[in-house]
Amino acid sequence: MRKSSVLIPAQIQYEFGKKGFGVMAGGEMNSVIGFYPVFGPLHTYASKEFLAVTVATFYVNQEQDFKLFGLYEYKPVLSEKWTLYTRLQFIYNQSIREGDHNRSYLYLRAGLKKGPMIFGIGANLDQFGPDKQYRDSFGLFVRWELR
C-alpha cells in the first residue's frame with residue numbers, strides 16, 4: 001500500500017441560475033491512474049454558517065471511473081470572538097466497468113475558530129483498492145484561513 005499519494009484536479013464549472021446546481025468539466029491527475037478528462041454535475045451552497053459542496057465525477061478512462069465527493073462545514077457563532085467549526089469530507093471512487101472499489105475516505109474535523117485560526121481534533125479514515133485496505137489516523141489540527 002502506498003504511504004502517500006497526489007491528486008491534482010483542474011476544473012471549470014457552469015452554474016444554472018442561483019440555486020447552486022451546475023456542471024463541471026476538466027482534468028484530474030493522480031499518482032495512481034495518471035491524467036484523465038472528467039465531467040459531471042455539482043451542487044454548491046455557502047453562507048456564514050454552512051458550506052456544502054457535492055460533485056459527481058465521471059472519468060473518461062478505460063475503467064470508466066466514477067467519484068462522488070462531498071465537503072460540508074457547519075460554523076455557528078458561539079460568541080463575539082468564537083465560532084464552532086465542524087467539517088465532514090468524503091470521497092468514494094469506483095470503476096464502473098470493472099465494479100471495483102478504487103479509493104474512499106472520510107475526513108472529520110471538530111474544533112473552534114477565533115479570527116483566522118481554527119484548531120481542534122480530527123480523524124482520517126481511508127480505504128484503498130478492491131480489497132479496501134484500511135488506514136486511519138487521529139489527532140489534533142491547526143488551520144489558518146487566508147483572507
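These are my notebook entries on the salt bridges around Glu73 and on the pairing of strands E3, E4 and E5.

**Entry 1: the model and the salt bridges**

I kept in mind throughout that this is a predicted model. I began with the charged side chains, and I noted that the count of salt bridges comes to seven. I then asked which residues are linked in a network of salt bridges. I found Glu73, Lys75, Arg87, Lys113, Arg143 and Glu145 joined in this way, and I went on to look up the pairs that involve Glu73.

**Entry 2: Glu73 and its partners**

I looked first at Lys75, whose side chain meets that of Glu73 in a salt bridge with an N to O distance of 3.5 Å. Both Lys75 and Glu73 are buried.

I turned next to Arg87, and here the salt bridge to Glu73 has an N to O distance of 2.9 Å. Because Arg87 belongs to strand E6 (residues 83–95) and Glu73 to strand E5 (residues 65–74), I recorded that this pair ties together parts that are 14 residues apart in sequence.

I then asked whether Glu73 counts as buried or exposed. Its relative accessibility is 5%, and the cut-off for buried is under 20%, so I entered Glu73 as buried.

The third partner I looked up was Arg143, whose closest N and O atoms in the salt bridge with Glu73 are 3.5 Å apart. This pair links distant parts of the chain, since Glu73 sits in strand E5 and Arg143 in strand E9 (residues 133–144), with their positions 70 residues apart in sequence. For Arg143 I noted a relative accessible area of 27%, which lies between the 20% and 50% cut-offs and therefore makes this residue partly exposed.

**Entry 3: strands E3, E4 and E5**

I moved from the side chains to the strands and asked in what sense E3 and E4 pair. Strand E3 (residues 34–46) runs antiparallel to strand E4 (residues 50–59), and I noted seven bridges between them. As one of the positions to follow in the structure I marked Val38, whose bridge partner in E4 is Tyr59. Three residues lie between E3 and E4, and the two strands form a hairpin.

I then followed E4 onward to E5, the strand that holds Glu73, and found that E4 and E5 pair in the antiparallel sense over nine bridges. Within this pairing I marked Val53, which stands opposite Leu71 in E5. E4 and E5 also form a hairpin, with five residues between them, and in that turn I noted Gln64, which has a positive phi of about 55°.

Note on methods. Residues are numbered from 1 along each chain as its sequence is written. This is a predicted model: local features need pLDDT of at least 70, side-chain atom pairs count only at pLDDT 80 or more; totals for chains, interfaces and linings use all residues. Side-chain values use heavy atoms; hydrogens and water are left out. A salt bridge is a side-chain nitrogen of Lys or Arg within 4 Å of a carboxyl oxygen of Asp or Glu. Buried means under 20% relative accessible area, exposed over 50%, partly exposed in between (1.4 Å probe, protein chains only). Helices (H or I, at least four residues) and strands (E, at least two) are DSSP runs, numbered from the N terminus. Two strands pair if DSSP finds at least two bridges between them.
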